[in-house]
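Please find below a colleague's note on the model, set out as numbered points. The points go from the chain as a whole to single residues.

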Amino acid sequence: MATERQILANRANALKSTGPRTASGKKRSSQNAVVHSLLSSTVVLHGESLGRYNDLAAALILQFQPRNSTESFLVQTMTTARWRLLRLWGMQTAAFQLEMARTAESHPSLTAGPVLAGVTFQRLADHSRALALHQRLEAGYLREFNTALATLNKLRKTSDPTQSLPDVHFSTETWESELLNEPNSPPPPPEESPSKSAP
């Protein structure tokens, strides 16, 4: 059971963590879940963790505190780039482990970890374009993240922090809404052109 002193300390701490207090801060934070869910539907793949994506988005929003829609877009770009980079790293690890298992099966004498990894790396480098593609994608995602971060920092250095810019709301969906009714549904068959009848 909590003592009277602990109860008072808990109440005092609770007063410090009440969230945003200004009208603009409350408005901005009220949209966080909406932004996460809208954006996540176009970024998170089936089978990936929506909760982890939302945690990443919330952490970056908390860290950078976007003040308007332009800054929000840059933070969303950073979130997407980092998510895709994490996905790529997971894919690289899975592909490498799969190839290591194949290498160990075809070369039972290779039991030492570094040797097995070295032979696997050489096989992937010699017989697959996956390593080069992964490297290009990784560089692209890192560049995308760093460009968005640099742009955000540049905007903040040149803009007046007291000036409130109007928010611009836009859809994050790229597909037509009628196609979104059933996730992962196959595209409709093409319409047949009328056959020309013989004269």
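**Note on the predicted model**

1. From the N terminus on, the elements of the protein chain follow the order α-α-α-α-α-α-α. The secondary structure thus amounts to 7 helices and 0 strands. The reader should keep in mind that this is a predicted model.

2. The next point concerns burial and surface. Of the 199 residues in the protein chain, 20% are buried. The chain exposes about 15,100 Å², and carbon and sulfur atoms supply 59% of that area. When contacts between residues at least 6 apart in sequence are considered, 63% of them join residues at least 24 apart.

3. How many aromatic pairs does the model contain? The count comes to 1 aromatic pair. The ring centres of Tyr 53 and Trp 83 lie 5.4 Å apart with their planes at 90 degrees, and the pair is therefore edge-to-face, given that planes over 60 degrees apart are classed in this way. Tyr 53 belongs to helix H4 (residues 50–64) and Trp 83 to helix H5 (residues 69–106), so that the pair links distant parts of the chain, 30 residues apart. Tyr 53 and Trp 83 are both buried.

4. How are H5 and H6 oriented towards each other? The axes of H5 and helix H6 (residues 113–127) come within 9 Å and cross at roughly 105 degrees. Angles of 65 to 115 degrees count as roughly perpendicular, and H5 and H6 are therefore assigned to that class.

5. The contact between these two helices can be described by residue. On the H5 side it includes Phe 96, Glu 99, Met 100 and Arg 102, together with Thr 103, Ala 104 and Ser 106. On the H6 side, the residues met are Gly 113, Leu 116, Ala 117, Val 119, Thr 120, Phe 121, Arg 123 and Leu 124. By class, the contact of H5 with H6 is made up of 8 nonpolar, 4 polar and 3 charged residues.

6. The loop between H4 and H5 holds Gln 65. Although Gln 65 is not a glycine, its phi is positive, at about 45 degrees. With a relative accessible area of 39%, Gln 65 is partly exposed; the range for this class runs from 20% to 50%.

7. Phe 64 is part of helix H4. Is Phe 64 buried or exposed? Its relative accessibility is 12%, and Phe 64 therefore counts as buried, the limit being under 20%. Leaving aside neighbours within four places in sequence, Phe 64 is in contact with Val 75, Met 78, Leu 149, Leu 152 and Arg 156. For one of these residues, Leu 152, the C-alpha atom is separated from that of Phe 64 by 8.9 Å, while the two residues are 88 residues apart along the chain.

8. Phe 145 lies in helix H7 (residues 130–158). With a relative accessible area of 12%, Phe 145 is buried. Which residues does Phe 145 contact, leaving aside its neighbours within four places in sequence? They are Met 78, Ala 81 and Arg 82. Phe 145 and Ala 81 are 64 residues apart in sequence, and their C-alpha atoms are 5.5 Å apart in space. Met 78 appears among the contacts of Phe 145 and also among those of Phe 64.

9. Leu 142 is likewise placed in helix H7. At 38% relative accessibility, Leu 142 counts as partly exposed. Leu 142 and Arg 84 are 58 residues apart in sequence, and the C-alpha to C-alpha distance is 9.7 Å.

10. The final point concerns helix H3 (residues 32–43), where Thr 42 has its place. Thr 42 is partly exposed, with a relative accessible area of 29%. In sequence, Thr 42 and Thr 80 are 38 residues apart; in space, they are 9.7 Å apart, C-alpha to C-alpha.

Notes
Residues numbered from 1 in each chain as written. Predicted model: local features only at pLDDT ≥ 70, side-chain atom pairs only at ≥ 80, totals over all residues. Heavy atoms only, no water. Phe/Tyr/Trp six-rings, centres within 6.5 Å; stacked < 30°, edge-to-face > 60°. Helix = DSSP H or I, 4+ residues; strand = E, 2+ residues; numbered from the N terminus. Buried < 20%, exposed > 50% of the residue type's maximum accessible area, 1.4 Å probe, protein only. Contact = heavy atoms within 4.5 Å. Areas by Shrake-Rupley, 256 points an atom, 1.4 Å probe, with all protein chains shown as cover. Axes fitted to C-alpha atoms, helices over the stretch in contact; angles between N-to-C directions. Parallel < 35°, antiparallel > 145°, perpendicular 65-115°, else oblique. Nonpolar A, V, L, I, M, F, W, Y, C, P; charged D, E, K, R; others polar.
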